[in-house]
Amino acid sequence: MTITESEASMTEAAPARGGALGLGRGTALYVAAVLGTGILVLPGLAASAAGPASIVAVAAVLALSIPLAGTFAALAARFPDAGGVASFVRRALGDTAARMTGYWFFFGVCVGYPVVGMLGGEYVVAVLGVDRAAVPIVGLAILVPPFIVNWFGVRVAGWLQFALTGLLLTVVIGTVAVAFPHVEPGNLTPFLPNGWGGVGTAIGLFVWAFAGWEVGTHIAGEFKNPRRTIPIATGIAIVVVGAGYLALQFMTVGVLGVDAGGSAVPLLDLAAVAAPGVGPVLVAIIAAVVTLGVLNSYMPAFGKLGAALARDGDLPRPLARGAEEGGIPRPALAVTGVLILVYTALMIGNGLDLTAFILIHTSNMVAIYAAGMVAAVLLLRRGSAGWWLAVVAAACTAALLLLAWQNLAVPLALAAAALVVAAVKRRRAATPETELRKDPA
């Protein structure tokens, strides 16, 4: 089923809804969803790929994220629904495409959830000097609090998120402030040690860092006056996140130089140079705040989406409880918890080599973004600011899809599963008619 332009306009004119999230907590959720685990690992990886030019890579991905974030904000403000991107795709491209999008997020993107916990575990273990065998234990311990918090609803999670994001910003600002006097201009040359190809690699890495703008679409109905609050929260988050990543990348290459890419814990090295003795404590705070903040942002999104998919018949009906505004989707959260445990077990069995799981996560994100931007072009009023942002974002995500083609096996498998479900539903729908034809009585 598709929606016409006039129907879209009618929907956009709907009165604002009264949720629990205001501008402060809403902005906190967006900031924590995007300014996440990337600050723990990506500055070093990007510096290894592109040297000082990794700063350009950060700026480029930030520029690319603006139309994407703006489009999601426009969609969430006009069509607030727990189904998020899947609901937008349903309106524009029909049930089967929406089912694919929902499966990509619920089953595919969910792979990244335990990755975040394990990354946090790696950092905490490195900071404390504990044997690496403790990483799975620490990682699992990090996964538990966000699940418990969200079991009691988004209001509790929102206040916690506000506090966590405040701590995160304090840590980022503090790190930049104490590191600035240690910047060596000589560390910024040669600026392009690996050429523009290295910059391209760094851009690909930072796609992980700037993912997360779609999270707010799943809880849009929880915002107070979403048509006003969501765009403002998104705009503030873009500025905060962009400034944070740019400043940290500059400090990483400016202070650490060629050593920036040689460590799995670059912020530990940065803090040790900038503030010996205090640095390890600072990094431990960063790891705890970042991982908990990101996980706390994504958990309600998974729960609400799972409930919305069940509500729409794409998952078992008992999981639909809590899809309504203000509802707590405990059945869907329980299923999400089981998925996370399964993925975590697979990661541990894989020797905590997270590369494959990160690629699964990012390839599903690219597929979701591509479908979401196509839907946005069809749904938003032609010629509006949101529509133009969607056009630009659609072109950008198409390019990302081409770059990710080697890693699209899991998204394709989930798409095939969605097609099978569609075929089963059509067959069940046709069965009563067949029986009626056989026995008119």
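## Aromatic pairs and a helix crossing

In this predicted model, W387 has a relative accessibility of 9% and therefore counts as buried, since the limit for that class is under 20%.

**Exercise 1.** Determine which kind of aromatic pair W387 forms with W388.

*Solution.* The starting point is the separation of the two rings, whose centres lie 4.8 Å apart, and ring centres have to lie within 6.5 Å to pair. The next step is the angle between the planes of W387 and W388, which is 75°. Because planes over 60 degrees apart count as edge-to-face, the pair of W387 and W388 is edge-to-face.

**Exercise 2.** State how many aromatic pairs a search of the whole structure finds, then classify the pair of Y103 and F107 and describe its setting in the helix.

*Solution.* The search of the whole structure yields seven aromatic pairs. For Y103 and F107, the ring centres are 5.7 Å apart and the planes stand at 80°, so this pair is edge-to-face. Both residues belong to helix α6, which covers residues 95-108, and they are separated by four residues, about one turn of the helix. Their accessibilities are then taken in turn: Y103, with a relative accessible area of 5%, is buried, whereas F107, at 23% relative accessibility, counts as partly exposed. Finally, ring pairs join Y103 and F107 with F106 in a cluster.

**Exercise 3.** Describe how helix α5 (residues 85-93) packs against helix α16 (residues 355-379), and characterise the residues of their contact.

*Solution.* Two packed helices are described by the angle between their axes and the distance between the axes. Here the axes of α5 and α16 come within 8 Å and cross at roughly 50°, which makes α5 oblique to α16. The crossing in which α5 passes α16 is left-handed. On the α5 side, the contact is made by V85, F88, V89, R91, A92 and L93, while α16 contributes I368, A371, G372, V374, A375, L378 and L379. Sorted by character, the residues of this contact comprise eleven nonpolar, one polar and one charged.

**Exercise 4.** Place these details in the setting of the protein chain by stating how many helices and strands it has, what share of its residues is buried and what share of its contacts is made by residues 24 or more positions apart.

*Solution.* The protein chain has 18 helices and zero strands. Of its 441 residues, 54% count as buried. Among contacts in the chain with a separation of 6 or more, 83% are between residues 24 or more positions apart.

Note on methods
Residues are numbered from 1 along each chain as its sequence is written. This is a predicted model: local features need pLDDT of at least 70, side-chain atom pairs count only at pLDDT 80 or more; totals for chains, interfaces and linings use all residues. Side-chain values use heavy atoms; hydrogens and water are left out. Rings of Phe, Tyr and Trp (its six-membered ring) pair if their centres lie within 6.5 Å; planes under 30 degrees apart count as stacked, over 60 as edge-to-face and the rest as tilted. Helices (H or I, at least four residues) and strands (E, at least two) are DSSP runs, numbered from the N terminus. Buried means under 20% relative accessible area, exposed over 50%, partly exposed in between (1.4 Å probe, protein chains only). Axes are lines fitted to C-alpha atoms, for helices over the stretch in contact, and angles run from 0 to 180 degrees between N-to-C directions. Angles under 35 degrees count as roughly parallel, over 145 as roughly antiparallel, 65 to 115 as roughly perpendicular and the rest as oblique. A crossing is left-handed if the near helix is turned anticlockwise from the far one by less than a right angle, and right-handed if clockwise. Contact means heavy atoms within 4.5 Å. Ala, Val, Leu, Ile, Met, Phe, Trp, Tyr, Cys and Pro count as nonpolar, Asp, Glu, Lys and Arg as charged, and the others, Gly among them, as polar.
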